[in-house]
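Please open the model in the viewer and keep the sequence at hand. The tour proceeds by selections, each followed by a short account of what is found there.

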Protein chains: 2
Amino acid sequence: MGTPDAAPPSLIALSTYLLSRTGKAARGGLAERLAARGLRLWHMAVLAALADFGPHVQRELAGRLSMDPSDVAKVVDELAVAGQVDRARDAADRRRVAVSLTPAGRAVLAELEEEARKFQDELFAPLSQDERARLHEMLHKVYTHLLHPTHPSP
Amino acid sequence: MGTPDAAPPSLIALSTYLLSRTGKAARGGLAERLAARGLRLWHMAVLAALADFGPHVQRELAGRLSMDPSDVAKVVDELAVAGQVDRARDAADRRRVAVSLTPAGRAVLAELEEEARKFQDELFAPLSQDERARLHEMLHKVYTHLLHPTHPSP
DNA sequence: ACCTATAGTAGGTGCACACCCACTATTGGA
DNA sequence: TCCAATAGTGGGTGTGCACCTACTATAGGT
């Protein structure tokens, strides 16, 4: 009797816990759709960076996405094999490799974004449009604060 | 020139992405404090469940926390070794093991919750108290919806 | 007494992520 | 011309999580 499958209230009371849970669901949902194309989250991040900022040298991608250069190499390699990005040696500095989006890559990214939006609609189903906007704004603030911690410790 | 380390706007525009990122930070922050005590997230979840609902049989823990029974066994075992829970064979049904919180376990949980709140304060630093409350409420709605999907698929 | 279902447990798998080191090719300055 | 720094790469490590498969002990119905 009762509801033996209810989560512990003292966890529910922690926003951190809810954030971590819902965040995992968000991540999982995205990952699932990406996996259907043999991609992972970093692949999408790289495609998005290229779409938003144009061609990058791999080092720049690593910096922008805060990932390890050697992991960038692997992700870019996989995207290149799949024909979603082009790699071109920089003529001026032959150590550098310019990575750019192919039309195929751009198309895939558009599809992924569309799917992400659909998934988001399901995930945020219980929220009104207005709430979703406010949630986004708040998450954005938190996210920005993550990257640029203003108060080291009060 | 420029800000070569800015994240791609098309990702930032996805609440799912922000949620996944901030969620990971939340998870990471909690995990970090837990790791200082040799614990992981599941340990805290189990402690919280015991604190909130009293002694559980392991199957109940598995159900309540949506985790695999065999993983429950491991987590409970580790908590028992650390003296934070007691395991007692049910006299009536000797297959069952009643898991209950020890005073030590309760104390650890209280500390963990306190640390979680402090961490939360840092994480949510850019949000007003009012915003935090609204964020919590929205996350709770999303979380509840996660567990009880109302619309299988529209 | 027997047979099936159940609770707990041991052990192992696969994945994603975050690192790290070593090595090559190449550059640019001393 | 030589050396130190840099870009890219290949390979490997450890961790956490989710999941799965036996296997043992026990219970409870028939």
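How many nonpolar, polar and charged residues does the surface near DNA strand D have? This is a predicted model, and in it that surface has nine nonpolar, three polar and 10 charged residues.

Select DNA strand D together with the 22 residues around it; Gln58(A), Arg59(A), Ser70(A), Arg95(A) and Arg94(B) come nearest. Next, colour the elements that give two or more residues to this surface: helices H4 (58–65) and H5 (69–81) in chain A, and helices H2 (15–35), H3 (41–53) and H5 (69–81) in chain B. The largest share, five residues, is supplied by H5(A).

Now turn to the contact between the two protein chains, where chain A and chain B contribute 57 residues each. On the chain B side, select H1 (9–12), H2, H3, H4 (58–65), H6 (103–123) and H7 (129–147), each of which supplies at least two residues. H2(B) provides the largest share of that side, 14 residues. By class, the chain B side divides into 31 nonpolar, 14 polar and 12 charged residues.

For the last stop, centre the view on Leu139(B), which lies in helix H7 of chain B. Is Leu139(B) buried or exposed? Leu139(B) counts as buried because 26 other C-beta atoms lie within 10 Å, and the cut-off for a buried residue is 20 or more. Displaying its contacts across the chains brings up Ser15(A), Leu18(A), Leu19(A) and Thr22(A). Finally, set a C-alpha to C-alpha distance between Leu139(B) and Leu14(B): the two are 125 residues apart in sequence and 16 Å apart in space.

Technical notes: Residues numbered from 1 in each chain as written. Chains lettered and ligands numbered in written order. Predicted model: local features only at pLDDT ≥ 70, side-chain atom pairs only at ≥ 80, totals over all residues. Near = placed C-beta within 6 Å. Helix = DSSP H or I, 4+ residues; strand = E, 2+ residues; numbered from the N terminus. Nonpolar A, V, L, I, M, F, W, Y, C, P; charged D, E, K, R; others polar. Contact = placed C-beta atoms within 7 Å. Buried ≥ 20, exposed ≤ 12 C-beta atoms within 10 Å, placed from the backbone. Lists of a residue's contacts leave out its neighbours within four places in sequence.
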